[in-house]
Amino acid sequence: MAQVKAKKALGQHFLTDLEIARKIADTIEKPELPENAKIWGDLPVLEIGPGMGVLSQFLMKAGRMVKAVEIDAESVGYLNRVFPDLEVVEGDFLKMDLRELFKGEFALIGNYPYNISSQIFFKALEYRENIPVIAGMLQKEVAERICSKPGSKVYGILSVLLQAWYGCEYLFNVPPSVFSPPPKVMSGVIRLTRNDRKTLGCDERLFKTVVKTAFGQRRKTLRNSLGGLIPADSPILKDPIMALRPERLGVEEFIRLTLAVKPE
């Protein structure tokens, strides 16, 4: 059976190590914590970028209902021939209404294309009430950023926005040698588990603006980066928090800043 040719424009690097593929599938199939197993149950799975099905086969063996979104027509043809029982949806994940694919909750997983991985996670946030668990592999640098804590040099916009709604775990590294073609960077596998937060308690759109504005000038203190957003008479301007740089703040502090801009 002919192999699919990796396309640079799509950021394709096909995983060839079956044991690593099995371990990635296990991040949602065999959660370590009993309470996670109860939460995730027998959720259907949405896989992004299945390529040649190296991960798909293990998800299917677990008995889950799997839908795989693939933008590459060559990959779609390959998957339909080799895995006829896999439901393949051809199209651009970033342009899809995921509620048309699943009526209720589902798990999201994939060996995410490096060139759009951040966009994938931002889109997943829009469907957070439908996605109790997100797992998969992406560039190590991005994986570390998502899971980093306040005070880290890589902590940033993606960290705050995702950690507002999910608990984030960095699970393990994946070397370039197990891909075809090998990428020039290390990869990392992560898992995000939906937390119990129902609302931020502030304007969510404004929260995003505050976070993005603060990190847009991350070398500046919050007093300098957010000065144009916060009313001149706001008490928070005298708070020691304003002398900090954005990477020192957690989700709750950013919520407090948002309320200082516009109280609920």
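The second largest pocket is a good place to start: 13 residues line it, and Glu105, Pro132, Arg194, Asn195 and Lys198 are the ones nearest its centre. Keep in mind that this is a predicted model. From there, we'll look at the largest pocket and then at a pair of helices.

**Second largest pocket**
- This pocket holds about 200 Å³ of space.
- Sorted by class, its lining has 7 charged residues, along with 3 polar and 3 nonpolar ones.

**Largest pocket**
- The volume here comes to about 660 Å³.
- Its lining takes in 39 residues, and Gln12, Phe14, Gly49, Gly51 and Asn111 sit nearest the centre.
- Four strands each give two or more residues to that lining: E1 (14-15), E2 (45-48), E3 (66-70) and E8 (179-180).
- As for class, 23 of the lining residues are nonpolar, 13 are polar and 3 are charged.

**Helices H8 and H10**
- Helix H8 covers residues 204-216 and helix H10 covers residues 251-261; their axes come within 9 Å and cross at roughly 110°.
- Since that angle falls in the 65 to 115 degree range, H8 counts as roughly perpendicular to H10.
- On the H8 side, the residues in contact are Leu206, Phe207, Val210, Val211, Ala214 and Phe215.
- They meet Val251, Phe254, Ile255, Leu257, Thr258 and Val261 of H10.
- Looking at both sides of this contact together, 11 residues are nonpolar, 1 is polar and none is charged.

Conventions: Residues numbered from 1 in each chain as written. Predicted model: local features only at pLDDT ≥ 70, side-chain atom pairs only at ≥ 80, totals over all residues. Heavy atoms only, no water. 1 Å grid on protein atoms, 1.4 Å probe; cavity = no way out; pocket = protein on both sides within 12 Å on 5 of 7 lines; lining within 4 Å. Points joined across faces, edges and corners; volume = space filled by probe spheres on them. Nonpolar A, V, L, I, M, F, W, Y, C, P; charged D, E, K, R; others polar. Axes fitted to C-alpha atoms, helices over the stretch in contact; angles between N-to-C directions. Parallel < 35°, antiparallel > 145°, perpendicular 65-115°, else oblique. Contact = heavy atoms within 4.5 Å.
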